[in-house]
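Got the viewer open? Here is a walk through the model, one selection at a time.

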Amino acid sequence: MNIRLFILFGLLCSSILIFSFTSQKDVFFEDKISVLDFGARGDGMTDDSDAFENAIIYCIKNQKTLYIPKTQQTYNLNKTIRVELLKGEKIKIISNKATITPKITDTRSAYKLTPFKEHVFISIGRKINSIYKPEEPTENIGTQIFISGLVIDGIQQEVTKNVHSFDDDIYIAAQFVSEKVIVENCVFRNINGYGLRIHDVLNSNIKNCKFINVGGRGYTQFANKVDMDGFGDAIYHAKVNSNAKIVIKDCFFEGKITNNKRSRSALTFEYSTFPYDVSISNVNISGYAKCLHIEETAKTIFRLKNVKFEDFNFAIANVLNDSSIIYLQNAIVKVGFNDGNDNGDALAFLNYHSTAKIYVSDSELDFNGREKAYQSAVGLVKVERSTINGNNTNFFFADGNTIFSYCKFINFGGHEMSFFSNDKSLKYKIENSKFIGNSRKDISAKYVKLEINN
């Protein structure tokens, strides 16, 4: 009897286990099929566009995983791969570092975001009617896109060095409209435009990816009196769903430098109206005008941990967003010089018509710009257990209402003011902190309250 009960118990547990695994929403079909079976050659000469598109459609309809094997040459795409996802449909594409080298002339996509001539390499997801209007959410339920191990290299694309009009060409490596998007172990390089554009997502997870020489920038309203700055981001999220979770981790970003201008932005979030959470960790960003750019009405919480920002115009730029809260932990922010495409100095933090709040802890703010440089502290609420390295440049914090607690100020201060504001109701407070290199008497304020304790 005991043996029978044991066997029955084991069978019952096995059934429960099998049911629990098969009922998981994120379990992808592992039955693989190769893109070579659909006529792709990967010989560096053949146009593999139709083979890729047919293979993706087949795998969606038949619940297969598409495998793109690495070849001695590259896969050429001479037209956009455009595939729609219906409610509940999924696609999983995996590779062992196969390289795709698109040369796109057509303009098929799920949504045209900018006024420029957009050429999308791979566009998967339902059509979007307008970036400003909410879509029918039920159409996107259950859709998933999983991409792993691909290299997308835009080296074959013709690039306009000076963007003079909206008739100029820009390129997008991948555009996804899906409830869930996972991109991992991929490389995006040599792309004049966007790396990833993701719309209407509920769960976005981008891990262990590299964006090298990706971005670009047109003329700006501030520097050129012409606004053609609507492109040039490595990862772009728009119209994020309510309570979405976005994770970007273990990624490397190097902007595309053209005509001595940094690319527009490494990470951009725009047009969202619902609250959602963003986690960014173990990320290195350089060569972008903005490392993190937020421009939307959504109440969003950003958690940044173990990040390094350098060679930028603005490390974190909040524009027209009043509800975002940003936590920056274990970060290195190296403030240098502006690239000349925006007036003024490079800024660690910028709030432009924004009341977003920024909290910094266990981080290093390293200022290597010119002497007496203005550093906006609007929205900078509290800085804890961090190092502020002034490098004897006597830069000054301005227009903030900030508490510095348990911080180290190294070579900070000098003969000129260290804190400034035209709003006399604001206050800077430094408590339980140390001044190294310069003494307490070298710290002064103008038109703003300054309190230093201990």
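Start by selecting His237, then show what it touches: Ile198, Val201, Ser204, Ile206, Ile246, Ile248, Thr268, Phe269 and Glu270. That list leaves out residues up to four places away in sequence, and contact means heavy atoms within 4.5 Å. His237 sits in strand E15, residues 233–238. Helices (H or I, at least four residues) and strands (E, at least two) are DSSP runs, numbered from the N terminus. Buried or exposed, what does His237 count as? It is buried, because its relative accessibility is 0%; the cut-offs are under 20% relative accessible area for buried, over 50% for exposed, and partly exposed in between, with a 1.4 Å probe and protein chains only. Now draw a distance from His237 to Phe269: they are 32 residues apart along the chain, and their C-alpha atoms are 4.9 Å apart.

A word on what you are looking at: this is a predicted model, in which local features need pLDDT of at least 70, side-chain atom pairs count only at pLDDT 80 or more, and totals for chains, interfaces and linings use all residues. Residues are numbered from 1 along each chain as its sequence is written, and side-chain values use heavy atoms, with hydrogens and water left out.

Zoom out to the whole protein. It has three helices and 35 strands. The radius of gyration, taken over C-alpha atoms, is 25 Å, close to the 22 Å that the globule rule gives for 454 residues, so the protein is as compact as a globular protein of that length. (The rule is 2.2 Å times the number of residues to the power 0.38.) Along its principal axes, the C-alpha trace spans about 75 × 75 × 40 Å. Colour by burial and 54% of the 454 residues come out buried. Among contacts with a separation of 6 or more, 69% join residues 24 or more positions apart. Switch on the surface and you have about 19,900 Å² exposed, 52% of it supplied by carbon and sulfur atoms; accessible areas come from the Shrake-Rupley method with a 1.4 Å probe, and for residues only the protein chains shown count as cover.

Next, the pockets. On a 1 Å grid over the protein atoms alone, a pocket is an open set of points with protein on both sides within 12 Å along at least five of seven lines, while a cavity is a set of points where a 1.4 Å probe fits but cannot get out; lining residues have an atom within 4 Å of a point. Grid points are joined across faces, edges and corners, and a volume is the space filled by probe spheres set on the points.

The largest pocket has a volume of about 870 Å³. To find it, select Phe222, Asp229, Lys290, His293 and Glu295, the closest to its centre of the 35 lining residues. Elements giving two or more residues to this lining include helix H3 (221–224), strand E18 (276–295) and strand E19 (300–319). Which element gives the largest share? That is E22, with four residues. By class, the lining has 17 nonpolar, nine polar and nine charged residues. (Ala, Val, Leu, Ile, Met, Phe, Trp, Tyr, Cys and Pro count as nonpolar, Asp, Glu, Lys and Arg as charged, and the others, Gly among them, as polar.)

For the second largest pocket, of about 390 Å³, pick Pro134, Glu135, Lys239, Asn241 and Phe274, which lie nearest its centre among 20 lining residues.

Now clip into the interior: there are three cavities of 30 Å³ or more. The largest has a volume of about 70 Å³, and its lining includes Ile93, Ile147, Phe176 and Cys186. Its lining residues comprise 12 nonpolar, no polar and no charged. The second largest cavity holds about 50 Å³; select Asp345, Phe367, Arg370 and Gln375, which are among its lining residues.

Two last stops. Ser148 lies in strand E8, residues 144–148, and counts as buried because its relative accessibility is 11%. Leaving aside neighbours within four places in sequence, Ser148 is in contact with Ile93, Ile94, Ser95, Glu184, Asn185 and Cys186. Finish at Gly142, in the loop between E7 and E8. Which residues does Gly142 contact, leaving aside neighbours within four places in sequence? Light up Gly88, Glu89, Lys90 and Glu179.
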